[in-house]
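The exercises below are meant to be worked through with the coordinates open, and each task is followed by a solution that proceeds step by step.

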Amino acid sequence: MPLTYRILPSMLAADFGNLESEARRCQEAGADGMHLDVMDGHFVPNLAIGTAIVRMYRDRLPALYRHVHLMITNPHEHVATFADAGAQSLLIHVEPEYDIAAAIAELRSRDIRPGLVINPATDPELVFAYLESIDEVLCMTVEPGFGGQEFIPEVISSIRRIRERATQTGQDLDISVDGGITIDTARQCAEAGANVFASGTFLLRSDDMAGEIRDMRRAVEGARS
Ligand code: DX5
Ligand code: ZN
């Protein structure tokens, strides 16, 4: 099956005084959904977005897909609350100590698409044991915690290894990237096998988000041919 390419503005870069209209702007610009960053001030030094905002988006813009990235130390304790709040994909990091298999199983039982996240320096083989039970691997292309950072090109080799592994087993795995994503870095990631692109500063701060999304889509869809 050919990969489905998705472009998801990261709402961390939105104007927080206008969260609803910012998301509407993304929808009208042709985004495939939104990326929502949850931070606990512990796994990462920053604090951001919680269940109230996920729920608000579910209620006000139900058609805009909610791709929720948990940057927290105890993801397993929050799976149920984010599921109830309306997360549709839930991305949980592999670095903290918890029962990853149990958290994935709980997500499945609630009809949420489970995904595992690795930091830039994390060995991509850590996700191999779980690949068949998840729908997505998110490769962080910056250190998690803040928007507006520089893309880390070393992550490209991790993307390539994960795509090779998924191809060997015939799995339609989504591979997403997050951090410093522009048209150029999105293309580089797509060449290595990524098909889902979270982009905050570049898309939300552009004067022409629709044009950037169109150009990014064209760049990533053409990257592997
Ligand atoms: C970083 C977050 C990202 C961030 C991306 O920890 O996970 O989703 O919002 O922002 P940009 O695209 O500005 O790097
Ligand atoms: Zn994120």
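**Exercise 1: Two glutamates and a serine**

Glutamate 95 is partly exposed, its relative accessible area being 28%. In this predicted model, locate glutamate 95 between its neighbouring elements, and then classify glutamate 22 and serine 21 as buried, partly exposed or exposed from their relative accessibility.

*Solution.* Step one is to place glutamate 95, which is found in the loop that runs between β5 and α4 (100–109). Step two is to relate glutamate 95 to aspartate 178: the two are 83 residues apart along the chain, and their C-alpha atoms are separated by 16 Å.

Step three turns to helix α1 (residues 19–28), which contains glutamate 22 and also serine 21. Since buried means under 20% relative accessible area, glutamate 22 counts as buried because its relative accessibility is 10%. Serine 21, by contrast, has 40% relative accessibility and therefore counts as partly exposed.

Step four adds the contacts and distances: the side chain of glutamate 22 makes a polar contact of 2.9 Å with the side chain of arginine 25, while serine 21 lies 21 Å from histidine 69, C-alpha to C-alpha, with their positions 48 residues apart in sequence.

**Exercise 2: The zinc site**

Which residues coordinate the zinc ion (ligand 2), and why is the arrangement of its donor atoms called octahedral?

*Solution.* First, list the coordinating residues: His35 through NE2, Asp37 through OD, His69 through ND1 and Asp178 through OD, at 2.0 to 2.3 Å. Along the chain, these donors follow the spacing H-x1-D-x31-H-x108-D.

Next, consider where two of the residues sit. Histidine 35 belongs to strand β2 (residues 34–40) and aspartate 178 to strand β8 (residues 174–178), so this pair ties together parts that are 143 residues apart in sequence. Histidine 35 and aspartate 178 are both buried.

Finally, examine the angles. The zinc ion (ligand 2) has 6 donor atoms around it, and the angles that they subtend run from 70 to 172 degrees, which makes the arrangement octahedral. The criterion needed for this step is that, with six donors, opposite ones are over 155 degrees apart and all other angles lie between 65 and 115.

**Exercise 3: The surroundings of ligand 1**

How many residues surround ligand 1, and how much of the accessible area that ligand 1 has on its own does the protein cover?

*Solution.* Begin with the neighbours: ligand 1 is surrounded by 19 residues, of which Asp37, Gly145, Asp178, Gly200 and Thr201 are the closest.

Continue with individual atom pairs that involve oxygen atoms of ligand 1. A side-chain N or O atom of aspartate 37 is 2.8 Å from one oxygen atom of ligand 1, and for threonine 201 the corresponding side-chain distance is 2.4 Å. In glycine 148 a backbone N or O atom takes part, at 2.8 Å from an oxygen atom of ligand 1. As for coverage, ligand 1 has 380 Å² of accessible area on its own, and the protein covers 99% of that area.

**Exercise 4: Reading the sheet**

Work out the order of the strands in the open sheet and name its edge strands, then describe how β2 pairs with β4 and with β3.

*Solution.* The first step is the overall order: the open sheet has 9 strands arranged as β1-β9-β8-β7-β6-β5-β4-β2-β3, with mixed pairing. Its edge strands, each pairing on one side only, are β1 (6–9) and β3 (47–48).

The second step follows β2, where 6 of the 7 residues are buried. With strand β4 (residues 66–71), β2 pairs in the parallel sense over 6 bridges; leucine 36 has valine 68 as its bridge partner in β4, and valine 38 has leucine 70. With β3, β2 runs antiparallel and is joined by 2 bridges, and methionine 39 stands opposite alanine 48 in β3. The hairpin formed by β2 and β3 has 6 residues between the strands, and glycine 41 in the turn has a positive phi of about 70 degrees.

The third step moves to strand β5 (residues 89–93), which pairs with β6 in the parallel sense over 5 bridges, leucine 90 standing opposite proline 114 in β6. Strand β6 (residues 113–118) is mostly covered, with 5 of its 6 residues buried.

Note on methods
Residues are numbered from 1 along each chain as its sequence is written. Chains are lettered from A and ligands numbered from 1 in the order in which they are written. This is a predicted model: local features need pLDDT of at least 70, side-chain atom pairs count only at pLDDT 80 or more; totals for chains, interfaces and linings use all residues. Side-chain values use heavy atoms; hydrogens and water are left out. Donors are N, O and S atoms within 2.8 Å of the metal (3.2 Å for Na, K and Ca); water is not among the atoms, so sites may look incomplete. Four donors count as tetrahedral if all angles lie between 85 and 135 degrees; four count as square planar and six as octahedral if opposite donors are over 155 degrees apart and all others between 65 and 115; anything else is irregular. Helices (H or I, at least four residues) and strands (E, at least two) are DSSP runs, numbered from the N terminus. Buried means under 20% relative accessible area, exposed over 50%, partly exposed in between (1.4 Å probe, protein chains only). A residue is near a molecule or strand if one of its heavy atoms lies within 4 Å of it. A polar contact is a pair of N or O atoms within 3.5 Å; within protein, one must be able to donate a hydrogen and the other to accept it, and residues adjacent in sequence count only if both atoms are side-chain atoms. Accessible areas come from the Shrake-Rupley method with a 1.4 Å probe; for residues, only the protein chains shown count as cover. Two strands pair if DSSP finds at least two bridges between them.
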